[in-house]
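I opened a notebook for this model and went through it place by place. The entries below follow the order in which I looked things up.

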Amino acid sequence: MKHVVLIGPMASGKSSIGRHLAALLGREFIDTDSMIVAKHGPITQIFDQLGESTFRQLEESAVAEAIRETKPAVISLGGGAIISPRNRALLENQTVILLMTDLETVLSRANLEKRPLLRDDPEAWNRILEERMPLYQAAADVTFDTGKLPRELLAQRIADWLRR
Ligand code: S3P
């Protein structure tokens, strides 16, 4: 059986929806950002002290480790994981779900301080999404808009889609 992998832009709800979805499916939940933080400290600190390219290397290792997990899990990736060809290749054999939202929703509920690419320039969210959108779409089996509905309900809709 395949992993369910959640991809999509920063602050689109990948972690919270992933946690609910994993509970509904009775699977382990793995969050690659959390794996990196547990091993190397806060993401802002990694960006500030080691730079984005080191973060991307740590991210590739975390994604590879998560996908290697033998029991099918729900895995949520950081928004930028899709820019790595290695990560994209690992997604090819998994069920990939794109979680989409919009800038207005992100600004109203996200913790931008924890996101080095947004903390000084929240509007960068749109520009970054524009660059990555073709990669997200090419990798995804299905897309869910996470803007309006409660996280629990969205997780339920995704679980229904998976059982279709
Ligand atoms: C990033 C997204 C973040 C985190 C890092 C970089 C990105 O994860 O990996 O700040 O480049 O889009 P979220 O998608 O959970 O915000």
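Entry 1, I43. I placed I43 in helix 3. The model is predicted, and I kept that in mind for every entry. I checked the accessibility of I43 and found a relative accessible area of 13%. The cut-off for buried is under 20%, so I43 counts as buried at 13%. I then listed its contacts, setting aside neighbours within four places in sequence, and got D33, V37, F55 and P116. I also looked at the distance to R115: the two residues are 72 apart in sequence, and their C-alpha atoms are 7.5 Å apart in space.

Entry 2, the ligand. R115 led me to the ligand, since an N or O atom of the R115 side chain is 2.5 Å from a ligand oxygen. I also noted two backbone approaches. A polar backbone atom of G79 is 2.8 Å from an oxygen atom of the ligand, and for a polar backbone atom of G80 the distance to a ligand oxygen is 3.1 Å. On its own the ligand exposes 380 Å², and the protein buries 95% of that. Which residues come nearest to the ligand? Of the 15 residues around the ligand, I wrote down K14, D33, R56, R115 and R132 as those that come nearest. D33 had already turned up among the contacts of I43.

Entry 3, the largest nonpolar core. I counted 37 residues in this core, and the members that touch the most others are I7, I75, L77 and L91. Elements that give two or more residues to the core are strand 1 (4-7), helix 2 (32-40), helix 3 (43-50), helix 4 (52-68), strand 4 (95-100), helix 6 (103-109) and helix 7 (124-139). Helix 7 supplies the largest share, seven residues. I recorded a second, separate core as well, which has 15 residues and includes V4, I97, L99 and A159.

Entry 4, I7. I took I7 from the list of core members with the most contacts. Leaving out neighbours within four places in sequence, I found I7 in contact with K14, L77, I82, L91, V96, I97, L98, L99, Y136 and A139. K14 is also one of the residues that come nearest to the ligand. In strand 4, L98 is the bridge partner of I7.

Entry 5, strand 4. Is strand 4 enclosed or open? Six of its six residues are buried, so strand 4 is largely enclosed by the rest of the structure. I sorted the side chains by direction: T95, I97 and L99 point one way, V96, L98 and M100 point the other way, and all are buried. I then looked at the strands on either side of the pairing list. Strand 4 pairs with strand 1 in the parallel sense, over four bridges. Strand 4 also runs parallel to strand 5 (residues 142-145), joined by four bridges. In strand 5, D145 is the bridge partner of M100, and T143 stands opposite L98.

Entry 6, strand 5. I looked at the two faces of strand 5 separately. V142 and F144 make up the covered face, whereas T143 and D145 make up the uncovered one. The two strand 5 residues that I had noted opposite strand 4, T143 and D145, thus belong to the uncovered face.

Entry 7, A11. I placed A11 in the loop between strand 1 and helix 1 (14-25). I checked its backbone and found phi near 65°, a positive value in a residue other than glycine. A11 has 15% relative accessibility and therefore counts as buried.

Entry 8, F29. I found F29 in strand 2 (residues 29-31). Not counting residues up to four places away in sequence, F29 touches S15, G18, R19, A22, V74 and S76. I also took the C-alpha separation of F29 and I75, which is 6.0 Å for residues 46 apart along the chain. I75 is one of the core members listed in Entry 3.

Entry 9, R164. I ended with R164, in the segment after helix 8 (151-162). R164 is exposed, with a relative accessible area of 66%. I found one polar pair to note here: a polar atom of the R164 side chain is 2.9 Å from the backbone oxygen of W161.

Terms used: Residues numbered from 1 in each chain as written. Predicted model: local features only at pLDDT ≥ 70, side-chain atom pairs only at ≥ 80, totals over all residues. Heavy atoms only, no water. Core = buried A, V, L, I, M, F, W, Y, C linked by side-chain atoms within 4.5 Å. Buried < 20%, exposed > 50% of the residue type's maximum accessible area, 1.4 Å probe, protein only. Contact = heavy atoms within 4.5 Å. Near = heavy atom within 4 Å. Polar contact = N/O pair within 3.5 Å; in protein donor to acceptor, adjacent residues only side chain to side chain. Areas by Shrake-Rupley, 256 points an atom, 1.4 Å probe, with all protein chains shown as cover. Pairing = 2+ DSSP bridges.
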